[in-house]
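Here are a few exercises to work through with the structure open beside you. Try each task before reading its solution.

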Amino acid sequence: MKYNMKKLVIAISVAAFLSACCNEEKVPVYRQADRPVCDRVEDLLDRMTFEEKVLQLNQYIIGLNTNVNNIGEEIKDVPGGIGSVIYFSDNVELRNELQRKAMEETRLGIPVLFGFDVIHGFRTVYPIPLAQGCSWNPELVTELCSVAAREARLSGTDWTFAPMIDVSRDGRWGRVAECFGEDPYANSVMGVASVNGYQGDDLYNTDKVAACLKHFVGYGMSQGGRDYTATDISMQSMWDTYLPPYKACIEAGAETVMSAFNDINGVPATANHLFLTEILKEKWGHKGFVVSDWNAVEQLIPQGYAADRKEAALKAFTAGVEMDMKDNCYREYFEELLNEGKITERQVDEAVARILSLKFRLGLFEKPYTEPLPESERILTADAYAAAERLAEESMVLLKNDGILPLGNPGRIAVIGPMAKDKFNIVGSWRCHGNAKDAQSIYEGLEAEFGSPALNYAPGCDFDGTDRSGFALAKAAALKSDVIVLCLGEKSAWSGENASRSTLALPSIQEELAAELASTGKPMVLVLSNGRPLELNRLAPMADAVLEAWQPGMKGGSPVAGILSGRVNPSGKLCITFPWSTGQVPIFYNSRQSSRPDQGQYQEIPSGPMYEFGHGLSYSEFVYSDLKADSEDITKGRDFKVQVSVTNSSDRDGYETVLWYVTDPFCSVTRPVKELRHFEKKFIKAGATEIFTFDVNPEKDLAYVDSEGNPLLESGEYRISVNEQTLKFNLK
Ligand code: GLC
């Protein structure tokens, strides 16, 4: 009997093994989650028809486009096999309905990739990126981006079109709100922090999203600050200013890149083989894919680079754009282009492989559907709000304070201005699913901080226009108060895409209201909520203090009130220069040296900025001392340390950010007067001293780059400076 049992067990095992093998045959490799992604991609490509492949290279839209400058029609019907959609909804059912069509009604069941502009929050919107840049807190930016990623993924969005890392020095350009300011290093660090927050270390998790670096490249140099215009950028500037943030983020693992709208020196970014293929893929080794910006392939026609949609498709694809956003040029013409031998199936396979690889790594084949969760578990959690509030506190910049702040116990406060009770514009441009009803106004923050009996409110005026009828009431509110908090600023629609403005000044009605209130002689705090650097040479002198609150998102009121009361010690520092006048634009700290530094000034206005890059006041006093290097013998190939002591000589604990600059006064390629190469933010208790250290790697931190993109490190004099201190040394 025992022998028979043994035979039986063997027979069953063999049968099981065989059926498993057969079963394995029945389950195609691309559906086997434990197989390497490259095998799954290869297997799936082998099974796809040319038409199925081309569908993967197209992105349509679904839902209602609510972007105020690009309002579009509601789209509901999209082919099941489409590669990707821009998903304007947060309705999980709509997403799952389209995904089910892809998974169950198409031959191979390839999931759709859902992308959207989650720029500074999904539903819990936090400060605009330009404000984030003023926090100098990359860890906090990472935290908020992971909050945004979680809310997005749990709401059906797998891919965000962020971070935007276009260095910009022209506040007239509405999209300056979306970047991290004028400095390449700051955009690099904050861009990497964003990528880390969005993607985490495993995209397979269902609370992470793929990032998308945009807009590749040089879009921030749009002529006159007008959107969509051509750009003229030397290759030297490309390498030393506009490309570094992209290189840093690619090295950090950013999955995708978006090609820009601008023409670059005669070749549009969306058809520019040098940047899209030679630099991005061949030099930097990017393994992800490039998606065009909205209709940017078809726009090669008005840019004068393609005669028709077919040529546009050919030029964009062969330059290195794998996915065509919205205009359908690829789907319409690839069959013809293939038959004419202008593109090859191998090229198409290579492009499709990049897209499929991301879908596999996002786990979309195994988890194509989004689990419907109650809002309470998905968005606007207390933790999300708290994180948004912290970032808002650290992003706000105290530009001026003649001593009136902190208010302490101010008596009666006149709260005046178009931004005082605003809950819509305070959220900022690119608000994603941010809803004004979830936002806190400045007034609400002041009410919670000081109590409503202390407040006298009057709107004063609108954001623009000529209606002065509210001035009298505003003046009356001021006269019966002890201090005025004047809340001025911009509409959120004055920033973002297609939102350029010819002047950085606020509309004159707002300045006139400020003058009217200043005439009362009451102490006045000016609070600003805006999406760009402003021209404040008339406004700032009227106020005793000026707080740049930016567009802080959902939780802006409490941070403003906390800074005014002194509960919050302001720590923000400008990541973009505030010009004295719009006429100075472009004006930025890291410009090249003048041949006559003390001449060539404007005749009728100051030539320096109103508030410079790095400016920001605190309630603490920080004293810098003892800047020194740990070695006298500084040579190439050997790291060295530079340190500075910072003492908080006040009685208030506070954060201080030390910005470390490098200067190479003489070089075979002239360099900016100084270049930010390191920064660190620390909490310093009252009376305490902290040591800030810059671990210098000459090849990384002192080097420059030539017009071919090759690193350039020459021996000779260098300077490292912090605050007012400078250390000179010789690099051997
Ligand atoms: C827009 C923007 C881009 C955005 C895309 C999708 O035109 O230029 O930043 O990600 O289209 O909305």
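## Exercise 1: Two tyrosines, one pair

Tyr661 has a relative accessible area of 6%, and it is therefore buried. Keep in mind as you work that this is a predicted model.

**Task.** Classify Tyr589 as buried or exposed, then find the geometry of the ring pair formed by Tyr589 and Tyr661.

**Solution.**
1. Buried means under 20% relative accessible area. Tyr589 has 12% relative accessibility, so this residue counts as buried.
2. A pair of aromatic rings is described by the distance of the centres and the angle of the planes. For Tyr589 and Tyr661, the centres are 5.5 Å apart and the planes are at 70°.
3. Planes over 60 degrees apart count as edge-to-face, so the pair of Tyr589 and Tyr661 is edge-to-face.
4. Now place the partners: Tyr661 is in strand β20 (residues 654-663), while Tyr589 lies in the loop between α19 (557-565) and β18 (622-629). The pair therefore ties together parts that are 72 residues apart in sequence.
5. Finally, look around the pair. Tyr589 and Tyr661 belong to one aromatic cluster together with Trp136, Tyr185, Phe613 and Phe679.

## Exercise 2: Another ring pair

**Task.** The structure holds 28 aromatic pairs. Describe the one made by Tyr443 and Tyr457.

**Solution.**
1. The ring centres of Tyr443 and Tyr457 are 5.7 Å apart, with the planes at 70°, so this pair is edge-to-face.
2. Tyr443 belongs to helix α16 (residues 442-450) and Tyr457 to strand β14 (residues 455-458), 14 residues apart.
3. Tyr443 has a relative accessible area of 10% and is buried, whereas Tyr457, at 33%, counts as partly exposed.

## Exercise 3: Charges over rings

**Task.** Which rings have Arg431 and Lys681 over them?

**Solution.**
1. Arg431 lies over the face of Phe424, 3.8 Å from the ring centre.
2. The charged end of Lys681 sits over the ring of Tyr655, at 5.7 Å from its centre.

## Exercise 4: The ligand and its shell

**Task.** How many residues surround the ligand, and what classes do they fall into?

**Solution.**
1. There are 14 residues around the ligand, and the closest are Asp117, Arg175, Lys214, His215 and Asp293.
2. The shell divides into 7 nonpolar, 2 polar and 5 charged residues.
3. Check the polar side-chain atoms against oxygen atoms of the ligand: Lys214 has one at 2.8 Å, His215 has one at 2.6 Å, and Asp293 has one at 2.6 Å.
4. The ligand taken alone exposes 310 Å², of which the protein buries 98%.

How values were computed. Residues are numbered from 1 along each chain as its sequence is written. This is a predicted model: local features need pLDDT of at least 70, side-chain atom pairs count only at pLDDT 80 or more; totals for chains, interfaces and linings use all residues. Side-chain values use heavy atoms; hydrogens and water are left out. A residue is near a molecule or strand if one of its heavy atoms lies within 4 Å of it. A polar contact is a pair of N or O atoms within 3.5 Å; within protein, one must be able to donate a hydrogen and the other to accept it, and residues adjacent in sequence count only if both atoms are side-chain atoms. Accessible areas come from the Shrake-Rupley method with a 1.4 Å probe; for residues, only the protein chains shown count as cover. Ala, Val, Leu, Ile, Met, Phe, Trp, Tyr, Cys and Pro count as nonpolar, Asp, Glu, Lys and Arg as charged, and the others, Gly among them, as polar. Rings of Phe, Tyr and Trp (its six-membered ring) pair if their centres lie within 6.5 Å; planes under 30 degrees apart count as stacked, over 60 as edge-to-face and the rest as tilted. Helices (H or I, at least four residues) and strands (E, at least two) are DSSP runs, numbered from the N terminus. Buried means under 20% relative accessible area, exposed over 50%, partly exposed in between (1.4 Å probe, protein chains only). A charge sits over a ring if NZ of Lys or CZ of Arg is within 6 Å of the ring centre and within 35 degrees of the ring normal.
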